Structure formats: structure tokens, C-alpha cells
Amino acid sequence: MDKGALASALGAPSAFGQSQFAFVRGNAFEARVKADGGAELLRLVHERLDPGAAPPADARVPELTATGPRGRAARTELALGEASAAGAWTLLDHPMLALDVAGSPAFLEPDAVVVHPDGSWTVVEIKSFPMLDGSADPAKVGAAARQAAVYVLALEELAARLDPVPPVRHRALLVCPKDFSNLPTASAVDVRKQRAVTSRQLARLTRIEEIADALPEGVCFAPDLPAEELTAAVESVPAAYAPECLSACELAFHCRARSRADGAVTALGRPVRAELGGLTTVADVLAAARGETGDPADPAVAALRRAAALRAEALEAACR
Amino acid sequence: MTTQAVPAGNAASDPATAAARATAAILSDTLHGRERGVVVDSPPGAGKSTLVVRAALELAEAGRPLMIVAQTNAQVDDLVLRLAEKSPQLPVGRLHSSDADPYDKALDDLPNVRKSAKAADLAGLAVVVSTAAKWAHVKVDEPWRHAIVDEAYQMRSDSLLAVAGLFERALFVGDPGQLDPFAIVGSEQWAGLSYDPSASAVSTLLAHNPGLPQHRLPVSWRLPASAAPLVSDAFYPYTPFRSGTAHDDRRLTFAVPSDGSGPDRVIDEAAGSGWGLLELPARHTPRTDPEAVGAVAAVVGRLLDRGGAAVSERSSDPVPLTADRIAVGTAHRDQAAAVRAALAGLGVADVTVDTANRLQGREFDVTVVLHPLSGRPDATAFHLETGRLCVLASRHRHACIVVCRAGVSELLDDYPSTEPVQLGTVVKFPDGWEAMMSTWDHWSGHRVPWRP
Amino acid sequence: MSLISTLARLEAVHTGRAQPAATVRHRHLSERPLVLVPLTTAGEAGAPLGALVGTDRDAPHLLVVEQPRDRDLRFAFLAELADVVLPYIDACAGAVETAERTETDPETGKRVKVEVDLCADAAQLIVPSRAGIDFVRLLGRSMRFRRTAEQDPEAPHPAPPRVPLLGRWLTHYGERARVPGSSLLLAMTDVLGRHWATGQSTLEDQHLGALLAWIDPPEGMSGAEAALRAELERDAGGQLLCPPAGPATDPAFDNKLLAPAIERYDRARSALAAAEDGADADERLAALTAAEREIRALVDSRTRPTWDAVWRGLDLLRALPEGARVEERWTRDRWSFTGHRDRVLAGEPPQPRRDDAVTAANKLATREREQARLEAQEALDDPLVMAGRRLAGEAFAGEVTDVVMAYGEGRRPAPRPLVTVRTDDRPQLGERAKVYRSLGGRPQAAEFVGYEEDGSCVVLRIVDKMGRGKEPEAGSVPEKGDRVCFTLFEHEQRGGAKLPDPEQTPWTHGGPPGEAVPEAADPLTEEDLL
């Protein structure tokens with residue numbers, strides 16, 4: 001579903017979009033990394049992850065084109081099996097993987113998967129943010145690691161169908177531009193933690209179906225519906241807005257407007273709720289702080305009143 | 001979740017043999033090895049203090065001047081008392097700060113323990129013990145031949161930098177699963193550097209000296225057979241350990257039968273299985289949730305009222321479960337204060353009530369834990385820190401009762417783990433979110449719902 | 001977030017205007033700060049697009065890189081930036097006063113007082129947002145290793161000496177900005193956010209336009225409405241009315257305005273290069289100049305609103321009285337500034353890419369100490385901050401209800417008066433806990449003795465700052481009826497242990513680093529450019 005178009009139709013367009021400068025550079029960088037049959041990329045995999053193996057020369061780059069995601073996934077599975085059996089450096093450029101999510105397949109397209117001479121597989125993520133003096137933005141690396149972990153899980157699902165089962169390496173290779181240049185450099189990223197977490201999250205995602213079941217029948221998110229109908233449709237899906245959504249979701253401005261209209265304190269950030277106990281709206285909290293409502297025996301209410309009194313005292317002292 | 005097999009010592013041998021073999025290897029490397037350092041990982045209750053005292057005595061016996069570095073004054077005093085207990089004749093120095101009341105008054109009763117705020121006054125003693133903070137101010141011309149660094153995983157790298165010039169070689173002992181050291185300001189700019197000053201002393205040491213012998217005490221003598229597998233799987237996924245006792249070695253019984261209330265039922269569940277989860281109805285609450293605090297106090301009260309008795313490998317006669325054998329653990333200080341007040345209200349005294357930080361290294365028969373996520377509307381990094389939950393879940397010899405509001409797994413679903421990743425850092429296991437989930441799943445099998 | 005600041009934010013939501021989060025100004029503001037509003041190119045690491053910079057709010061210097069991927073243009077921009085910034089720094093570096101400092105005498109090893117120069121004022125740099133501080137660091141990193149023609153006559157694209165010099169200064173400012181309470185390099189959003197609580201989240205406060213809208217909304221508008229407008233409103237051409245404070249630009253601006261303009265510029269430049277005769281060249285030069293002017297106008301249009309916003313923020317902050325201890329912290333900034341000036345003068349090499357073990361540990365220790373100092377000083381300077389500490393049980397205020405004279409033990413009994421304070425606060429006092437109050441700006445210590453009257457009264461024993469006599473000096477002991485405020489935290493910070501010299505780095509931390517090797521310049525490769 002196109003959440004950006006949906007947001008505009010709801011009357012709360014987001015600031016999303018990508019600068020063509022970033023887009024061009026990202027593509028050019030990935031092309032550079034994969035040029036010459038992936039020579040540079042394979043050199044980095046060899047150097048950072050498998051220095052004991054024979055250096056990659058004349059690596060195989062199997063053709064993976066096929067019709068539709070299912071076809072491409074089948075083609076990828078075949079190529080991976082062949083590569084592991086062959087025991088030679090192989091680069092799979094944009095393979096297609098399927099991962100079971102709550103009973104239905106989700107199709108994933110990693111930047112690359114490399115098959116080592118020992119038959120094992122490595123996930124490669126190519127990003128255009130820089131590694132400056134060996135370090136990179138931790139939030140971006142974290143996101144890349146979580147993404148790689150999903151690919152690892154999908155590869156493990158696939159590997160389990162092969163005989164013998166090829167090992168999927170738990171250290172992914174993150175390739176980025178070095179310092180201020182456009183030359184690639186790489187760092188191994190241990191994704192065992194992210195893999196464990198993702199695996200547990202997927203196991204719990206049976207709830208997705210429950211959510212889908214719980215949706216009112218006939219709910220439809222087509223942007224050409226009138227705004228009121230759209231709003232009603234979106235409202236029927238439970239969503240907990242928090243400011244972090246602003247940088248992650250096209251619908252965030254819409255959700256924020258709803259959240260503010262409801263007076264939800266979490267519109268100010270989720271940590272705000274930490275000490276408010278059962279109070280969830282601005283009006284309730286302020287009324288409790290002023291002593292108009294609330295049970296003084298409730299420690300949240302008592303603390304609010306003390307805070308309000310201390311704040312008033314301090315502001316008064318400052319005016320004097 | 002274990003995907004990499006790690007040899008867990010010789011699993012076939014009995015625990016005592018496995019532990020003795022590990023200890024012998026450690027002492028051999030410490031006394032006769034050629035490397036400048038030896039690292040020992042010690043899971044909860046694996047005999048770390050015993051090992052430190054034994055190594056200290058053997059080094060002293062061999063005539064090697066020894067300095068011991070611990071992290072807190074309480075740990076230093078505890079070590080001095082243990083050394084004097086094992087070897088009353090040994091001349092021990094207690095180097096202390098110049099603040100008021102710098103050491104435990106009990107040390108004044110030990111004739112061979114000399115106390116001073118100046119290192120020079122303690123020169124020539126077989127063993128000198130102090131905190132890392134105090135050692136950092138000591139200057140010497142001639143370094144000590146040997147050092148023991150205790151709780152090395154709780155020591156910061158910069159703190160080791162300040163004292164490492166004082167000794168030639170050292171034995172580093174600690175528990176990697178407990179609370180990590182922290183800095184009160186950001187230190188991201190050094191993440192990934194081998195000597196990141198905010199990292200643990202052990203990670204810096206091993207980054208620069210990867211060839212040092214690393215040992216692991218493989219057996220927990222504290223945790224019962226019911227607890228060791230969960231604590232090991234959840235908090236030490238790649239360095240497992242086992243319990244030194246079997247399921248029927250320990251027994252917890254109560255003279256007064258259950259009255260059918262929530263606290264009594266959860267006590268019986270925990271007495272039978274080692275774990276109990278007293279689950280209160282889901283609700284968002286402030287930290288000092290009166291109902292949860294009341295439930296904790298009620299459980300403690302009933303533990304005492306019901307005439308508990310513990311049988312263990314230490315004694316075949318039942319030992320009464322007294323207040324000093326029970327502890328309450330919380331995440332925050334105000335929660336501990338609230339529980340203390342509630343216990344005082346019930347007329348209960350002498351039960352230890354403290355935060356995870358202050359319970360590190362302590363041991364009890366039964367613990368009652370207020371779950372860090374109980375009633376929380378949000379889950380912060382503080383509450384998801386694995387070390388905190390690990391400390392709380394690994395203080396007991398017989399049983400651990402967790403008190404919590406329902407809704408933990410839903411809360412965790414809303415706060416998926418999105419930790420940032422610093423390139424070049426060694427990944428620390430496990431993930432807090434994952435450990436919270438796996439322990440919660442296990443405890444849910446011992447759930448007693450209760451509406452106070 | 002403390003409950004007091006939560007309440008302030010909720011009040012802001014309720015009233016539609018930001019609420020005070022401080023009653024005094026906790027950061028130093030220079031009489032004549034240098035404001036820098038940089039823009040960068042999306043997707044590139046360290047390819048500036050332009051900047052507005054200067055000390056005169058009515059006459060900023062506009063610097064523009066017409067083709068951000070052109071290395072020569074980029075270097076010219078950096079040299080121009082140095083031409084604006086360095087004279088400002090030099091002016092401060094040149095005016096000194098004499099100050100005393102304690103140093104260790106290298107011969108005797110004793111601590112002795114020496115007279116040294118201290119810059120009378122330090123240069124203050126203000127950027128719009130936290131991302132601007134990161135960008136200052138990035139610029140410093142990209143410039144300080146550049147080679148000059150004198151250092152390396154063979155170097156392609158040699159840099160004028162002022163470029164690596166500016167790189168070193170910007171690096172120093174970027175590092176100093178990590179020291180809590182420092183004011184050498186400030187982000188306007190951080191400083192405003194420190195002093196006002198808005199009705200939005202701290203994340204949204206990173207938007208300078210929205211933050212200012214909450215603090216000082218235009219006539220007839222609520223803060224919430226004005227902030228929403230600042231965040232989202234676009235003109236007919238789809239451009240934001242309030243462009244982001246940078247250095248990142250809005251993608252819509254890049255795609256719809258900037259990219260076509262750069263393309264026209266590139267075309268005009270190739271056309272000029274291909275010109276065949278003078279008349280032809282004149283015409284094509286005019287086209288190129290027009291293309292340049294277009295890009296300059298675009299950069300100006302995106303930076304000017306932010307430039308004005310920063311100065312408006314300064315006006316708002318200047319209206320707050322400066323906290324009593326701000327001056328003391330600024331003096332530390334001046335020492336830091338002077339220290340860097342002296343290192344440059346002494347011919348020391350630029351800051352290395354990575355700190356060594358000892359430097360890193362020393363920096364961390366300094367920052368932790370400054371963090372503790374800042375927390376204590378802000379509370380002592382500002383009753384609203386102290387209110388937060390009181391709510392947290394880290395301080396208490398109340399009225400003295402009783403004073404009983406008592407004396408300590410020992411040969412010469414010193415006064416140890418017992419003071420009873422009635423308070424509604426709930427300090428978390430442990431047995432014999434130390435507490436402190438400010439007495440003429442200096443901390444006076446007392447010891448917790450116990451509670452009285454169901455816990456509403458705290459009995460303390462005053463233990464110092466009463467003079468040497470048997471009777472306490474006048475005014476050194478609180479009197480019945482006085483309002484007092486004691487803190488559980490110390491007011492002054494002790495220095496930490498001295499770490500070894502870098503040459504003495506122990507084996508646990510990799511041993512001595514060995515002879516210092518000058519850091520290599522970043523290699524310039526054709527691959528830098530697409």
C-alpha cells in the first residue's frame with residue numbers, strides 16, 4: 001500500500017521523499033561496488049570474513065532474472081544450491097528470498113548474497129552513508145543489522161530445504177563509502193542478537209492475522225476515497241502514535257493530528273507516560289495536578305501535585 | 001537460539017570434579033603461567049570469592065607481594081574479612097580513603113589487619129586490598145609482582161588504565177552477566193576503539209591481549225537445579241553453566257498450609273518448582289505501584305509466617321527460613337523504599353530490600369523480585385538492561401518469586417529492540433529484549449494470578 | 001523526563017505557548033557571537049552546498065558551492081569560510097589578560113603557581129541545530145589534514161594554510177561542544193530547548209522554526225498552530241515556507257529547484273569551456289554568471305530564514321538574566337580556547353583521527369566531572385531546577401525551627417550546632433548522609449542526624465565553614481526562622497586521579513603508543529567524484 005499517497009489524501013502530507021542527489025549517489029556507489037563481476041565486493045568479503053579461503057578470482061555471478069517474485073525466489077534457491085555444491089566464490093546480485101510471516105510469504109531482496117568456497121552464505125548490505133575513520137552512524141548501522149538479520153532468517157529457511165544444509169553466516173558484511181571518498185570499505189557486523197530478536201518477533205506475529213481478522217469487514221485504504229471515509233478506515237486500525245513515527249512512517253502526521261486531538265500525553269513522547277500511571281490525557285493530568293480530580297492516595301496523583309506545587313513555588317520565587 | 005556450539009566443560013563429569021578441574025587450571029595459570037594476565041568468568045554463585053581468597057593465599061604463600069583491586073568499599077571489607085577468616089595469621093593491609101568511616105568497623109577486631117590511608121604505611125604486607133578508586137591515587141617506584149582484580153566486568157576500562165601501572169601481572173575475575181559499568185555522559189565517539197574508556201576493563205584487556213588464558217567457572221553452587229538452566233540460557237547463551245546440585249538436593253517446606261490466597265499459592269508453586277510468578281491485573285502504574293508493593297510485602301510476610309524450612313546439601317536437617325535468608329529486589333531505589341515501608345507496616349524486620357545494583361554478589365535462600373517492567377507504560381533501555389534482570393533472578397538458593405502486573409509481553413511487543421550498533425564493538429549477549437521475553441515465557445509457566 | 005518538565009510541557013499544550021523550563025539563562029552568550037548556517041548536499045559526506053556566516057545579523061556573508069561535487073569549488077568555499085571565521089577567532093586569541101594557574105614544576109615536582117596568558121574573551125560559534133554541530137565536526141575532520149604547498153610541494157590541490165588551521169579550530173570546537181555546560185559552540189535548538197518547554201516532543205523541538213513558534217508565536221496564532229505551519233506549510237511551488245535549519249535540505253527543494261539550477265550551471269560551464277572566440281565567450285560567461293547567481297539566490301533563500309531565526313533565538317535568550325555561575329563555566333571555556341591557541345602557536349600537529357587511550361580516558365573524566373558540576377550549578381542558580389532536584393529527593397528546602405549549640409569531641413572542641421529544618425520535601429537521606437547548602441557562594445557541609453516529628457523535620461549537624469574560634473562566626477549558622485535549602489549532592493567537583501602519561505600506557509591498554517607519526521592526509525582520488 002502507498003502510505004505516502006494515503007497520507008496526502010488524508011490531508012496530512014508528510015515531508016518524505018528522497019533527494020535525487022542522494023538517490024543518484026546511492027545507485028552509483030552500489031554499481032561501483034558490484035562492477036567487474038563484483039570483484040571489489042568479493043575482495044572485501046574475503047578480506048573481512050574469510051581470509052583463510054582462497055582469494056576470489058573469476059567468481060560466478062549467476063543470472064537470476066525470472067518472472068515475478070515467486071519465480072525469482074525459485075531461481076535464487078536453485079542458484080544458491082548449485083553454488084554451495086560447486087564450492088566456489090559466487091555472487092548473487094539482488095537475489096529474491098521468501099520469508100514466512102504469519103503464514104504468508106514475504107519477498108525480500110537483499111543487495112547481495114555471497115557463497116563462500118566452503119559452501120556457506122554471507123549477507124551483504126551496501127549502504128551509501130560513510131564510514132568515517134572506521135565508524136558510522138550507529139542508528140543507521142543498527143537498522144542495517146536488523147535488515148540483514150531478516151535476510152539471514154530467510155536464508156536459513158531456504159538452507160533447511162537443501163541437503164546438505166549450507167551454513168548461513170551470522171556476520172553480515174556492511175559495505176559503505178570510505179571517509180569522504182566514493183571508494184568502498186567494509187565492516188563485519190555480528191547479527192546474532194538481531195537474528196534472535198527478529199526470530200522471536202516473527203514467531204509472535206501470528207497476531208498479524210488476528211489483527212487482520214479483527215478489522216471490520218470491507219475496510220479499504222484506497223486513496224481516492226473521500227477523506228472522511230478514509231479517516232474512518234484508518235481509525236479502525238489500532239496504532240499507537242509516538243514522535244519516533246515521524247521519521248519512519250508516511251502516515252505519522254495524520255496519526256499525530258489524531259493523537260493531539262485526543263489529548264494523548266504520548267504525543268509528547270512515550271517517556272512522558274512513565275510517571276503518570278493510569279493518566280493518559282493532557283486534561284486528566286493537569287486536572288489531577290491542580291487537585292481538581294484524582295485520588296490523592298494514588299502515588300501518581302500525589303507526585304503530580306507535589307511537582308505542581310514545587311514548580312509554582314519556584315516560578316513565584318523567580319518573579320520576586 | 002544457540003547456534004554456535006560452545007564446549008561446556010566436560011559435561012559428563014560430576015559438577016564438583018568439573019569445578020575442581022577449572023579451579024586447578026586457573027591457579028596453575030596464575031602461579032606458573034607465562035602470560036601477564038588470566039581472565040576468569042564466573043557466573044552467579046560459582047565460587048568467585050572462594051577462588052579469589054584461595055588464589056590470594058597461594059600467591060602469598062609463594063612469597064609474591066599481592067595487591068587486590070575491588071570496586072566498592074563493601075567488597076574490599078568483605079574480602080579482608082574472608083582472608084582473615086581463612087588465614088588469621090596472614091598480614092593484610094586495608095588501604096582506605098580519608099573520608100569519615102572509611103571501612104567496616106569489624107576490621108578493627110582483626111589483629112593482623114593493618115588499616116591506613118597511605119600506601120606507604122602498608123608496604124611489606126603480604127596482601128594489600130583497596131578499591132580501584134583509591135588505588136588510582138597510589139604511586140609506587142616498584143610495581144607489585146601480582147594483582148587480583150575482582151569484579152573486573154564491573155570495572156571501567158579507564159579505571160584499569162589508572163591502576164594497571166601498579167602491577168606486573170594480574171588475575172581478573174568477574175561475572176560478565178551482571179550490570180555493566182556506565183558513564184554519565186556520552187562516550188559514543190570511542191565506541192569500537194579497543195581502549196574505549198567507558199567499556200569494561202576485561203574487554204579492553206582482551207582486545208589488547210587476545211592470547212591471555214580465559215577460564216570459566218562451570219558450576220553454580222548457589223542456583224538450584226531449577227534455576228541454573230533458565231539463567232544460563234537467558235543470560236549466558238554462549239557461555240553456559242550448570243547447577244552444582246540436583247533437583248532433589250534442595251527442598252523448601254512450610255509448616256503452615258496454604259490459605260488459598262495468591263501469596264500462599266505462589267509460595268507453594270515456587271517451593272515446588274523453584275520459580276513463581278504472582279501476576280496482578282494489567283494496569284499502568286507509577287514505579288511505586290501500591291498494589292504491587294503490597295503484594296511483595298504480603299509474599300514476604302507469608303514466607304515468614306508459614307514457618308518455612310530449607311533442606312540442602314549443606315545440612316540434612318531443615319534450617320528455618322528466617323528473615324535474613326530472604327531478600328527483595330527492585331529496579332529503583334524508590335521502589336525499595338516503598339517495599340521497606342510496607343514491610344515495616346506488617347511488622348517485618350531484617351529482610352534485605354535493595355536495588356539490583358546493591359544486591360550484586362549477595363546470596364539468599366528465597367528472593368522476591370518486583371519485575372522491572374511491572375505496570376510500566378514504556379520500556380526504556382534501563383529497564384531492558386539484561387544485567388539488572390540477571391542479578392535479580394540469580395540471588396537465590398531455593399526459590400525466586402517474581403511479582404508483576406500482567407501485560408509484559410504486550411509491552412515488549414510495543415518496544416521492539418532497536419538498539420543502535422557501533423562498528424567494531426564486540427557484541428554483548430544477550431539482547432535485553434530477548435532475555436526479557438525468554439524469562440517471561442518461562443515464568444508464565446509458574447503463574448499465579450491474583451487480585452489484591 | 002522529570003515530572004516538573006512533563007508538567008511544563010502539558011501546560012504548554014494547554015495554553016498554546018511554551019512554558020519556562022528555567023528562570024535564568026544557563027549558557028553564556030557572547031556580545032558578538034559568530035553565527036554559521038551551513039547547508040550540505042544530500043547523500044554526500046562533507047560536500048557543502050553553501051553557508052551564511054558572520055557576526056553582523058544584518059550583513060551575513062553568503063558562501064556558495066555552485067557545483068558541490070567540484071573539488072576546486074569545494075576547496076574555494078572552505079578557504080572563503082576560513083577568511084570569515086579565522087579573523088574573528090584571531091581577534092579573541094590576540095587579547096589576553098594575566099591569570100594564575102597551578103602547575104607541577106618539572107624539576108622539583110612541586111605544585112607551584114605560575115602566571116600565564118588567558119584570552120580575555122573566547123570566540124563563540126552558534127549553529128541552528130544539533131546536526132549543525134555534527135557538521136562543524138565533519139568540516140573540521142575534512143580540513144585539518146589537508147596539506148599546504150609548503151608541507152608538500154607535490155600535492156595536487158594544495159590548500160592555503162588557513163584551511164587546515166580552520167579545520168583544527170573547528171575540530172576543537174566540535175570536541176569542546178561535547179563537554180557539558182560549555183558554550184564555545186552552541187546549537188540554538190538545544191539552548192532554547194533548555195530554557196523553554198514546548199507543547200511538542202523533544203524530537204520535534206529539533207526543528208528550529210517550530211520551536212521558536214511555540215516560544216514566540218506570531219500575533220494572533222497559538223504556538224501549536226504556528227509550529228504546524230513552520231513544519232509543513234508549502235508555497236504554490238511545493239516549497240516549505242520555513243526551510244529546514246540544515247545542514248540537510250528538503251528533498252523537494254533539491255529535486256525541483258536545486259538540481260535543475262545546477263544542471264544549467266554545468267551546461268553553462270561546459271559551453272564556456274567550448275567557446276571558440278572572445279565574443280562567444282563573453283556571451284557564454286554572462287550565461288554562466290546568471291546560472292551562478294541563480295544558485296546563490298537559491299542558497300540564500302534557504303539559509304536566510306534560519307539565519308534570522310537564530311538571531312531571534314538569541315534575542316529571546318538575552319532577555320533572560322544570566323545564571324550566577326555561568327561566568328565561571330565560561331572562564332573554563334576561555335581556558336580551553338587559550339589552550340588550543342597555545343598548541344597551535346607551539347606548532348603542535350593537528351588533532352589525530354582517533355584519541356589515544358590516555359587522552360580518551362582524560363576526556364571522559366573531564367566530561368563526567370563537568371556534567372556533575374553543571375547539574376549542581378544549574379540547581380544552585382535556578383529555583384526551578386532545584387525544584388526538580390527536591391522532587392527527586394536530592395535536595396530539600398524549609399524553615400529552620402530550632403538551633404541548638406553543640407560541640408565536637410577532641411582537644412579543642414569545635415562548634416557543631418544542631419539545626420532542625422521543617423520541610424515538606426522528602427529527601428532520601430541515609431544514615432549520617434552529608435548535605436550541603438550554599439553560604440555566600442561556598443558550600444557548607446552538614447551531617448544528617450535524624451528525623452523528628454513524624455519525618456517532617458530534619459535534624460542536621462553543621463560541620464564546617466564556621467571559622468576557627470569556639471564560637472561560630474557571625475552568619476555562619478542558620479538562625480531560627482531562616483529559609484534554607486540543602487542538597488544531597490556536592491556543589492564542587494573533586495579532581496580525579498592522575499592518569500599515566502601516554503608514553504606510560506600500561507600493557508592492559510596496548511602499551512606505549514611509540515613515536516608519534518604525523519597523520520596522513522586523506523588521499524585525493526578521482527573516485528571522490530561521481
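Bends, interfaces and salt bridges across chains A, B and C

Colleague: What makes you say that H9(C) bends at C:Thr303?

Modeller: In this predicted model, H9(C) bends by about 30° at C:Thr303, and a proline, C:Pro305, follows within four residues. The angle is taken between axes fitted to the seven residues ending at the bend and the seven starting there, so a value of about 30° at C:Thr303 is a change of axis direction within H9(C).

Colleague: What span does helix H9 of chain C reach, and what is expected?

Modeller: Helix H9 covers residues 278-318 of chain C, which makes 41 residues, and from its first C-alpha to its last it reaches 56 Å, close to the 60 Å expected at 1.5 Å a residue.

Colleague: Which contact is found at the start of H9(C)?

Modeller: A side-chain oxygen of C:Asp277 comes to within 3.2 Å of the backbone nitrogen of C:Ala279. The cut-off for a polar contact is 3.5 Å, so the pair C:Asp277 and C:Ala279 falls inside it.

Colleague: Why is the span of helix H2 of chain C said to agree with expectation?

Modeller: Helix H2 (residues 71-94) of chain C has 24 residues, which at 1.5 Å a residue should span 34 Å, and its end C-alpha atoms are 33 Å apart, so the two values agree. H2(C) also bends by about 30°, here at C:Val85, with the proline C:Pro87 following within four residues. At the start of H2(C), a side-chain oxygen of C:Asp70 reaches to within 2.8 Å of the backbone nitrogen of C:Asp72.

Colleague: What area is buried between chain A and chain C, and which atoms give most of it?

Modeller: About 4700 Å² is buried between chain A and chain C, and carbon and sulfur atoms give 64% of that area. Of the area that chain A buries against chain C, A:Phe21, A:Phe180 and A:Arg311 supply 18%, more than any other three residues. The contact takes 52 residues from chain A and 55 residues from chain C.

Colleague: Why is the pair of C:Glu204 and A:Arg260 called a salt bridge?

Modeller: The side chains of C:Glu204 and A:Arg260 meet at 3.4 Å, N to O. The limit is 4 Å between a side-chain nitrogen of Lys or Arg and a carboxyl oxygen of Asp or Glu, so this pair of Arg and Glu qualifies. Between chain A and chain C the count is nine salt bridges. On the side of chain A that touches chain C, H10(A) gives the most, with 11 residues, and by class that side has 31 nonpolar, nine polar and 12 charged residues.

Colleague: What area is buried between chain B and chain C?

Modeller: The area buried between chain B and chain C is about 2600 Å², with 63% of it from carbon and sulfur atoms. B:Leu161, B:Trp190 and B:Tyr195 supply 25% of the area that chain B buries against chain C, more than any other three residues. In contact terms, 35 residues of chain B meet 30 residues of chain C.

Colleague: How many salt bridges are counted between chain B and chain C?

Modeller: The count is three salt bridges. In the pair B:Asp101 and C:Arg432 the side chains meet at 2.7 Å, N to O, and this is under the 4 Å limit, so the pair is called a salt bridge. The polar-contact rule finds 11 residue pairs across the interface of chain B and chain C.

Colleague: Which residue of chain B forms a salt bridge with A:Lys193?

Modeller: A:Lys193 pairs with B:Glu419, the closest N and O atoms being 3.4 Å apart. The pair crosses between chains, from helix H5 (residues 192-204) of chain A to the loop between helix H14 (408-414) and helix H15 (432-444) of chain B.

Colleague: What makes the peptide bond between A:Asp163 and A:Pro164 noteworthy?

Modeller: The bond joining A:Asp163 and A:Pro164 is cis, with omega about -5°, whereas most peptide bonds are trans. A:Pro164 is found in the loop between helix H4 (138-159) and strand E6 (171-177) of chain A.

Colleague: What value does phi of A:Asp179 take?

Modeller: Phi of A:Asp179 is near 45°, a positive value in a residue other than glycine. Most residues other than glycine have a negative phi. A:Asp179 lies in the loop between E6 and strand E7 (184-190) of chain A.

Terms used: Residues numbered from 1 in each chain as written. Chains lettered and ligands numbered in written order. Predicted model: local features only at pLDDT ≥ 70, side-chain atom pairs only at ≥ 80, totals over all residues. Heavy atoms only, no water. Helix = DSSP H or I, 4+ residues; strand = E, 2+ residues; numbered from the N terminus. Expected span 1.5 Å × (residues − 1). Polar contact = N/O pair within 3.5 Å; in protein donor to acceptor, adjacent residues only side chain to side chain. Contact = heavy atoms within 4.5 Å. Buried area = accessible area lost by both parts, 1.4 Å probe. Nonpolar A, V, L, I, M, F, W, Y, C, P; charged D, E, K, R; others polar.
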